[in-house]
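Visitor: Please give me a close look at one part of this model, its core, together with whatever lies around it. I would like each term to come with its cut-offs.

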Amino acid sequence: MNAGGIDAQRISSMLAQLRAAAQKPEGLGSGAIAPAVTKPPQASPTTQVSFSDALKSSLDQVNNMQLQAEQMGKDFAMGNDNVSLSDVMISGQKANIAFQATVQVRNKLVTAYQDMMNMQV
């Protein structure tokens with residue numbers, strides 16, 4: 001096994017981590033955004049979460065992912081042996097996907113708002 005290289009076992013491990021992160025609900029994961037097809041958890045009357053709190057939490061998670069990816073890139077560029085190129089690239093792609101999903105949600109919210117404003121009363 002070569003030092004610093006990626007072997008098949010490490011690739012399999014990374015794929016398993018990505019698949020596991022993609023299947024976890026948003027509140028339980030390590031910051032990954034939940035897929036749109038998951039059912040929302042049934043909120044009991046005592047544990048209701050406001051829309052603004054959920055939106056702020058999601059935006060904070062995306063921001064944290066981007067900051068973490070940026071820091072990992074800086075660490076790798078500075079020669080930190082604890083950060084591998086594959087980790088930097090995966091972190092960057094996760095942050096990119098989270099940001100793209102956030103932009104799509106924003107676009108859907110704007111479209112819904114415009115549709116409501118154009119409704120006849």
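Guide: What follows begins with the chain as a whole, goes on to the core, and then turns to the contacts and the surface around it.

This is a predicted model, in which local features need pLDDT of at least 70 and side-chain atom pairs count only at pLDDT 80 or more, whereas totals for chains, interfaces and linings use all residues. Residues are numbered from 1 along each chain as its sequence is written, and side-chain values use heavy atoms, with hydrogens and water left out.

The protein chain has three helices and zero strands, and its elements, read from the N terminus, follow the order α-α-α. Helices here are DSSP runs of H or I with at least four residues, strands are runs of E with at least two, and both are numbered from the N terminus. Of the 121 residues in the protein chain, 12% are buried, where buried means under 20% relative accessible area, exposed means over 50%, and partly exposed covers what lies in between (1.4 Å probe, protein chains only).

The largest nonpolar core is made of five residues, namely V62, M65, A69, A95 and A98. A core of this kind is a set of buried Ala, Val, Leu, Ile, Met, Phe, Trp, Tyr and Cys residues joined through side-chain atoms within 4.5 Å. Helix α2 (51-77) and helix α3 (85-117) each supply at least two residues of this core, and α2 gives the most, with three. As background, in soluble globular proteins nonpolar side chains tend to be buried together.

One core member, A69, leads directly to its surroundings: leaving aside residues up to four places away in sequence, A69 touches S91, G92 and A95, a contact being heavy atoms within 4.5 Å. S91 is found in helix α3, and its relative accessible area of 10% is why it counts as buried. With the same sequence neighbours left out, S91 touches Q68, A69 and M72, so that A69 and S91 each appear in the other's list. Over the protein chain, 56% of the contacts between residues at least 6 apart in sequence join residues at least 24 apart.

Which two glutamines, 27 residues apart along the chain, have C-alpha atoms separated by 9.6 Å? They are Q93 and Q66; Q93 lies in helix α3 and is partly exposed, because its relative accessibility is 45%. S86, also found in helix α3, counts as buried because its relative accessibility is 11%. The side chain of S86 makes a polar contact with the side chain of S84 at 3.1 Å; such a contact is a pair of N or O atoms within 3.5 Å, where within protein one must be able to donate a hydrogen and the other to accept it, and residues adjacent in sequence count only if both atoms are side-chain atoms.

On the surface, F51, L55, L59, V105 and L109 make a nonpolar patch of about 440 Å². Patches consist of residues with over 30% relative accessible area and no salt bridge, like charges being joined within 9 Å and nonpolar side chains (Val, Leu, Ile, Met, Phe, Trp, Tyr) within 5 Å. As with the core, α2 and α3 each supply at least two residues of the patch, and its largest share, three residues, comes from α2. V105 lies in helix α3 and counts as partly exposed because its relative accessible area is 46%. The whole protein chain has an accessible surface of about 9,700 Å², 59% of which belongs to carbon and sulfur atoms, with areas from the Shrake-Rupley method using a 1.4 Å probe and, for residues, only the protein chains shown as cover.

The structure also holds two salt bridges, each defined by a side-chain nitrogen of Lys or Arg within 4 Å of a carboxyl oxygen of Asp or Glu. In one, the side chains of D60 and K56 meet at 3.1 Å, N to O; the two are separated by about one helical turn, because they stand four residues apart in helix α2. D60 is partly exposed at 33% relative accessibility, whereas K56 is exposed at 53%. In the other, the closest N and O atoms of E70 and K74 are 3.5 Å apart, and both residues lie in helix α2, four residues and about one turn from each other. E70, at 43% relative accessibility, is partly exposed, and K74, with a relative accessible area of 46%, is partly exposed as well.
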